[in-house]
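Biologist: Can you walk me through this model? I'm new to reading structures, so keep it plain.

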Amino acid sequence: MSELARQSGISEQIVAFGAEWLPGEPLSQHTSLGVGGPADIIRMHDPRRLPDITAFLHGHGVPWRILGGGSNLLVADQGLPDVLLQLARGEAMTFAGNRAEAPAATNLGAAVLECAKQNLGGMEGLAGVPGTVGGALRMNAGAYGTEIGDVVRALTVFHGATGLFETVKTENVRFEYRHTRFSTDDVVLTATLELRDCPYAVIRERIKQCNRKRLASQPIQERSAGCIFKNPPGHSAGKMIDALGLKGTRAGGAVISEQHANFIVNRDHATAADILKLMDLIRARVLKAYGLELEEEVIVWRE
Ligand code: EPU
């Protein structure tokens, strides 16, 4: 937990910023993997108060980081000393022509469907990717031939370092494979998406096809954080881990998925330590066999 939680009257001050104070939240309940110790969360209902909230935290000497939907996140068992800022789901998406404006806290799959209802396509591949629009933007999430960066035209961002808001053009974000140039104290607030005219029925069929493929190849019914490692250029992490016979390997309650070897699933009250153990094992075995160093795709908050 943070230093802040030890002080009195904090809740009232946070509420005055139009936010909720959730001290000591078990992050296992805020992540799709279902692991992680406690941290204090400030859930913000008015992103315009970000300069006040971050200045308040700075004044108390308390570091912060941004928590999205928790679907690509592995948090240490001992929890975190930082305060986690989370944008509350609130405003709806808006549409003008073939452009959509999505608040960062919008569920990504819901955003794809909202666009579809407006007969706007181009994001179908992302329909089954868990998480928020903001998280997807930060990671440049992708699936089935679409990366979110492909459809983004502009973003509004709060820069923690300066306390200023900025409208950022896509070319300055540099969307790369599961990577962007945002720094850890940049908070994406909204995204302007440019989509293509496409009948709803066609989009729905494409979404169904992607979902079928995903269901057949990924353990979507189990608790996971999606793919654990990035694919090294020209290689498939899943294929290599599979070829090494590591599917089904267990550490405590964590298992390398029998369905897709680049997924680690929390099958039976796994801890972060269990998952990190399997990650170390995979890294070592792939390095030995292929001479390749796997890079984490999942965000790991070790401390
Ligand atoms: N493969 C195996 N064994 C396995 C898993 C995969 O042999 O256990 C083989 C497949 O047969 C295929 C190749 O490896 O020939 C690639 O597998 P797949 O098509 O499942 O794609 P992937 O590269 O493993 C990527 C993304 C996924 C995304 C899918 C679909 C990465 C690290 N992963 O997976 O994204 O959903 O393509 O587009 O880029 C994620 O970001 O968390 C994620 C899951």
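Modeller: We'll take the ligand, then the two sheets. This is a predicted model, so local features need pLDDT of at least 70, side-chain atom pairs count only at pLDDT 80 or more, and totals for chains, interfaces and linings use all residues. Residues are numbered from 1 along each chain as its sequence is written, and side-chain values use heavy atoms, with hydrogens and water left out.

Biologist: How many residues surround the ligand, and which are the closest?

Modeller: There are 20 around the ligand. The closest are Tyr144, Tyr177, Cys227, Asn231 and Asp242. A residue counts as near if one of its heavy atoms lies within 4 Å.

Biologist: What kinds of residues make up that shell?

Modeller: Seven are nonpolar, seven polar and six charged. Here Ala, Val, Leu, Ile, Met, Phe, Trp, Tyr, Cys and Pro count as nonpolar, Asp, Glu, Lys and Arg as charged, and the others, Gly among them, as polar.

Biologist: Which helix gives the most to the shell?

Modeller: Helix 6, residues 237-243, with three residues. Helices (H or I, at least four residues) and strands (E, at least two) are DSSP runs, numbered from the N terminus.

Biologist: What about polar contacts? Where does the side chain of Asp242 come in?

Modeller: A polar side-chain atom of Asp242 lies 2.7 Å from a nitrogen atom of the ligand. In the side chain of Arg178, an N or O atom is 2.9 Å from a ligand oxygen. For Lys247, a polar side-chain atom is 3.2 Å from an oxygen atom of the ligand. A polar contact with the ligand is a pair of N or O atoms within 3.5 Å.

Biologist: And how much of the ligand does the protein bury?

Modeller: The protein buries 70% of the 820 Å² that the ligand exposes when taken alone. Those areas come from the Shrake-Rupley method with a 1.4 Å probe.

Biologist: New topic: sheets. What is the order in the sheet of five strands?

Modeller: The order is 6-7-13-11-12, in an open sheet with antiparallel pairing. Two strands pair if DSSP finds at least two bridges between them.

Biologist: Why is one side of strand 6 and of strand 12 left without a neighbour?

Modeller: Strand 6 (94-96) and strand 12 (164-169) stand at the edges with a single partner strand each, so one side of each has no neighbour in the sheet. Neighbouring strands here are turned by 20° against each other on average, direction ignored. Axes are lines fitted to C-alpha atoms, for helices over the stretch in contact, and angles run from 0 to 180 degrees between N-to-C directions.

Biologist: What holds strands together anyway?

Modeller: Strands of a sheet pair through backbone hydrogen bonds, either parallel or antiparallel.

Biologist: How many bridges join strand 11 to strand 12?

Modeller: Six, with strand 11 covering residues 152-159. Val157 stands opposite Glu166 in strand 12. Three bridges join strand 6 to strand 7, residues 99-103. There, Phe95 stands opposite Ala100. Ala100 also has a bridge partner in strand 13, Leu193.

Biologist: And the other sheet? What is its order?

Modeller: That open sheet of four strands runs 1-2-5-3, with mixed pairing. Strand 2 (38-44) and strand 5 (83-87) pair in the parallel sense over five bridges. Ile42 stands opposite Leu85 in strand 5. Helix 2 packs on this sheet, touching strand 1, strand 2, strand 3 and strand 5. Contact means heavy atoms within 4.5 Å.

Biologist: Where does helix 2 lie relative to strand 11?

Modeller: Helix 2 (residues 50-59) lies across strand 11, strand 12 and strand 13, at about 40° to strand 11.

Conventions
A polar contact is a pair of N or O atoms within 3.5 Å; within protein, one must be able to donate a hydrogen and the other to accept it, and residues adjacent in sequence count only if both atoms are side-chain atoms.
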